[in-house]
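The exercises below concern the overall dimensions of a chain and the space enclosed within it. Work through each task with the structure in view before reading its solution.

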Amino acid sequence: MIKVYLCLLLLLTTRIAGAFEVFACEPEWGSLLKELGGDAIQINVGASALQDVHVIEAKPSLIAKVRRADLIVCSGADLEIGWLPQLIRQAGNPKVASGAGYFMASDQITTLEKPTSLDRSEGDIHAQGNPHFQLDPYRVLAIAKALAARLSQLDSAHAADYQKRLDDFSTRWQAAIKTWEAKAAPLKGRKVVVHHMSWIYLLQWLGMEQIGALEPKPGVPPTSGHLATLVDLTKNSHTLAILRAAYQDPKPGDWLSQQTGVPAVTLPFSVGGDDKSKDLFGMFDSTIDKLLAAAK
Ligand SMILES: [Zn+2]
């Protein structure tokens with residue numbers, strides 16, 4: 001009996017001691033952690049691709065995950081400002097409140113659209129720049145390198161494994177970037193209208209142009225005057241598509257599509273945003289295939 005108890009105790013302690021636990025705010029970082037840590041780390045993801053990551057509820061189940069975490073990995077740049085500070089405060093876990101256990105992807109890269117002045121009349125602007133950079137594969141690679149270094153620092157017993165996995169991921173990722181860029185060549189110069197300002201990194205990477213937005217100021221509903229101008233602009237600009245993310249309400253895009261004859265295209269935006277987006281590679285494959293389908 002004692003022997004069984006000891007075995008159980010040993011099992012329990014090895015499980016607790018062995019599992020490096022990471023909380024990822026968004027599914028794209030959960031997927032990147034899977035690439036870099038494999039089965040050696042326990043990954044919990046806060047939001048799904050079908051949720052709006054600007055406004056996640058700080059539920060007790062999420063607080064519990066942050067409480068157990070050795071590391072949190074989020075986009076940062078104020079994307080999660082409405083819920084992450086609350087999660088951290090309520091979790092009371094000093095390991096992830098600041099310092100090495102607090103990894104914001106935005107700190108590893110430069111952001112676009114950083115405002116020069118902070119005027120609230122411009123809507124819910126992101127003071128740290130646009131936080132939707134997961135759709136630029138070069139920034140994802142820079143983040144991967146920094147994240148592997150952070151994992152190695154915090155979980156040094158497995159540093160060699162993280163490095164090996166990073167090398168493997170980098171090789172596959174750089175090959176994939178070449179494939180995506182070759183495939184997406186016909187998209188260069190094409191114009192799109194967007195729902196929310198979520199696409200600037202993708203569009204800049206592919207040489208595409210955003211000519212308008214249904215939500216011209218983030219978080220502020222459009223006026224009827226704005227919509228009338230947008231209908232004309234969309235109709236008269238040889239517009240490829242009206243882009244929206246999987247989590248967004250399809251109604252505004254569908255309405256604009258009916259008014260203009262330009263197709264509304266739902267892109268995954270994050271891992272899990274559609275059937276093909278099972279990981280970061282699938283997310284980019286699906287995004288480019290859907291844009292190309294609209295261009296046919
Ligand atoms: Zn946003």
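**Exercise 1.** For this predicted model, determine what share of the contacts between residues at least 6 apart in sequence joins residues at least 24 apart.

*Solution.* Begin with the contacts in the protein chain between residues at least 6 apart in sequence, and then select the pairs that are at least 24 apart, which make up 64%. As for the elements of secondary structure in the protein chain, they come to 11 helices and 8 strands.

**Exercise 2.** Assess whether the radius of gyration of the protein chain agrees or disagrees with that of a compact globule.

*Solution.* First take the expected value, which for a compact globule with 296 residues is near 19 Å. Next set beside it the 21 Å of the protein chain, which agrees with that expectation. Then consider the extent along the principal axes, where the C-alpha atoms fill a box of roughly 80 × 40 × 40 Å. Finally, turn to exposure: 50% of the 296 residues count as buried, while the accessible surface comes to about 14,200 Å², with 56% of it belonging to carbon and sulfur atoms.

**Exercise 3.** Find how many cavities of 30 Å³ or more the whole structure holds, and describe the lining of the largest cavity by class.

*Solution.* The search of the whole structure finds 1 cavity at that cut-off, and the volume of the largest cavity is about 70 Å³. Its lining consists of 15 residues, among which E26, E28, V53, F269 and S270 lie nearest the centre. Sorted by class, the lining has 7 nonpolar, 6 polar and 2 charged residues.

How values were computed
Residues are numbered from 1 along each chain as its sequence is written. This is a predicted model: local features need pLDDT of at least 70, side-chain atom pairs count only at pLDDT 80 or more; totals for chains, interfaces and linings use all residues. Side-chain values use heavy atoms; hydrogens and water are left out. On a 1 Å grid over the protein atoms alone, a cavity is a set of points where a 1.4 Å probe fits but cannot get out, and a pocket is an open set with protein on both sides within 12 Å along at least five of seven lines; lining residues have an atom within 4 Å of a point. Grid points are joined across faces, edges and corners, and a volume is the space filled by probe spheres set on the points. Ala, Val, Leu, Ile, Met, Phe, Trp, Tyr, Cys and Pro count as nonpolar, Asp, Glu, Lys and Arg as charged, and the others, Gly among them, as polar. Helices (H or I, at least four residues) and strands (E, at least two) are DSSP runs, numbered from the N terminus. The radius of gyration is taken over C-alpha atoms; the globule rule is 2.2 Å times the number of residues to the power 0.38. Buried means under 20% relative accessible area, exposed over 50%, partly exposed in between (1.4 Å probe, protein chains only). Contact means heavy atoms within 4.5 Å. Accessible areas come from the Shrake-Rupley method with a 1.4 Å probe; for residues, only the protein chains shown count as cover.
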